[in-house]
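Reader: Before I use this model in any calculation, I would like to go through its architecture and a few of its contacts with you. Could we take it step by step?

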Amino acid sequence: MLAAAGIRATSQRFLVLDVLAAHRLPVSAQQVHAELHDRGENIGLTTVYRALSSMTEAGIVHVFTHAGEAVYRLCGTAGHHHLVCRVCGLVAERQEENVVDGFRAEEVYGVCAACEGGQARRAAG
């Protein structure tokens, strides 16, 4: 994946990819760093940020903002857009046409079904 994107494959980048692949929701650089530290990996936070930055620039990873913080997620290789839940941060990729009324959609924010159900229950209770 890294080589195909024109990025040098390093052990640190593999470690960061491994953490991202293990998460369904996007994670912050600090979360990636903490998980690697908990595994006993000696990798600095700056190295994690650099790995995420290079992978973001290459299109392997996408950065989102959730609760005012940058969070990262592995992306599919085909052209797609993202549906992002404002409540929980869940991201769904959609490969279908992403042009709506002349606009190319990259990220569409809304509320996922699970959170929508929770909001309806809280409003009723």
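Author: Helices, of at least four residues, and strands, of at least two, are DSSP runs numbered from the N terminus. With that convention, the protein has 4 helices and 7 strands, and the model that shows them is a predicted one.

Reader: In what pattern do the helices and strands follow one another along the sequence?

Author: The elements to be placed are 4 helices and 7 strands. Read from the start of the sequence, they give the pattern α-α-α-β-β-β-β-β-β-β-α.

Reader: Which element of the protein has the lowest confidence, and which the highest?

Author: Across the protein the pLDDT averages 82, and 83% of the residues score at least 70. Where pLDDT is low, the predicted coordinates should not be read in detail. Helix H2 has the highest mean, at 97, whereas the lowest, a mean of 64, belongs to strand E5 (residues 99-100).

Reader: In what order do the strands of the open sheet lie?

Author: Strand E3 (residues 81-85) is joined to E4 by 4 bridges, and these two strands run antiparallel, while E3 and E7 pair in the parallel sense, also over 4 bridges. The pairing in this open sheet of 3 strands is therefore mixed, and the order is E4-E3-E7.

Reader: Which residue is the bridge partner of Val84 in E4, and which is the partner of Cys85 in E7?

Author: E3 and E4 form a hairpin with 5 residues between them, and Gly89 in the turn has a positive phi of about 90 degrees. Across this antiparallel pair, the partner of Val84 is Val91. On the parallel side, the partner of Cys85 in E7 is Gly110.

Reader: Which side chains of strand E4 are buried?

Author: In a regular strand the side chains alternate between the two faces of the sheet. Strand E4 (residues 91-94) shows this alternation, with Ala92 and Arg94 pointing to one face and not buried, while the side chains that point to the other face and are buried are those of Val91 and Glu93.

Reader: Is Ser28 buried or exposed?

Author: Ser28 is placed in the loop between helix H1 (11-21) and helix H2 (29-38). Leaving aside residues up to four places away in sequence, Ser28 touches Glu69, Ala70, Val71 and Tyr72. Because its relative accessibility is 2% and the cut-off is under 20%, Ser28 counts as buried.

Reader: How far apart are the closest N and O atoms in the salt bridge that Asp18 forms with Arg39?

Author: Side chains of opposite charge can pair when their charged atoms come close. The count for this model comes to 1 salt bridge, and the pair links distant parts of the chain, with Asp18 in helix H1 and Arg39 in the loop between H2 and helix H3 (45-57), 21 residues apart. Asp18 is partly exposed at a relative accessible area of 40%, and Arg39 is partly exposed at 39%. The closest N and O atoms of the two residues are separated by 2.7 Å.

Reader: What share of the exposed area of the protein do carbon and sulfur atoms supply?

Author: Of the 125 residues of the protein, 34% count as buried. The protein exposes about 7,600 Å², and the share of this area that carbon and sulfur atoms supply is 51%.

How values were computed: Residues numbered from 1 in each chain as written. Predicted model: local features only at pLDDT ≥ 70, side-chain atom pairs only at ≥ 80, totals over all residues. Heavy atoms only, no water. Buried < 20%, exposed > 50% of the residue type's maximum accessible area, 1.4 Å probe, protein only. Contact = heavy atoms within 4.5 Å. pLDDT = per-residue confidence, 0-100. Salt bridge = Lys/Arg side-chain N within 4 Å of Asp/Glu carboxyl O. Areas by Shrake-Rupley, 256 points an atom, 1.4 Å probe, with all protein chains shown as cover.
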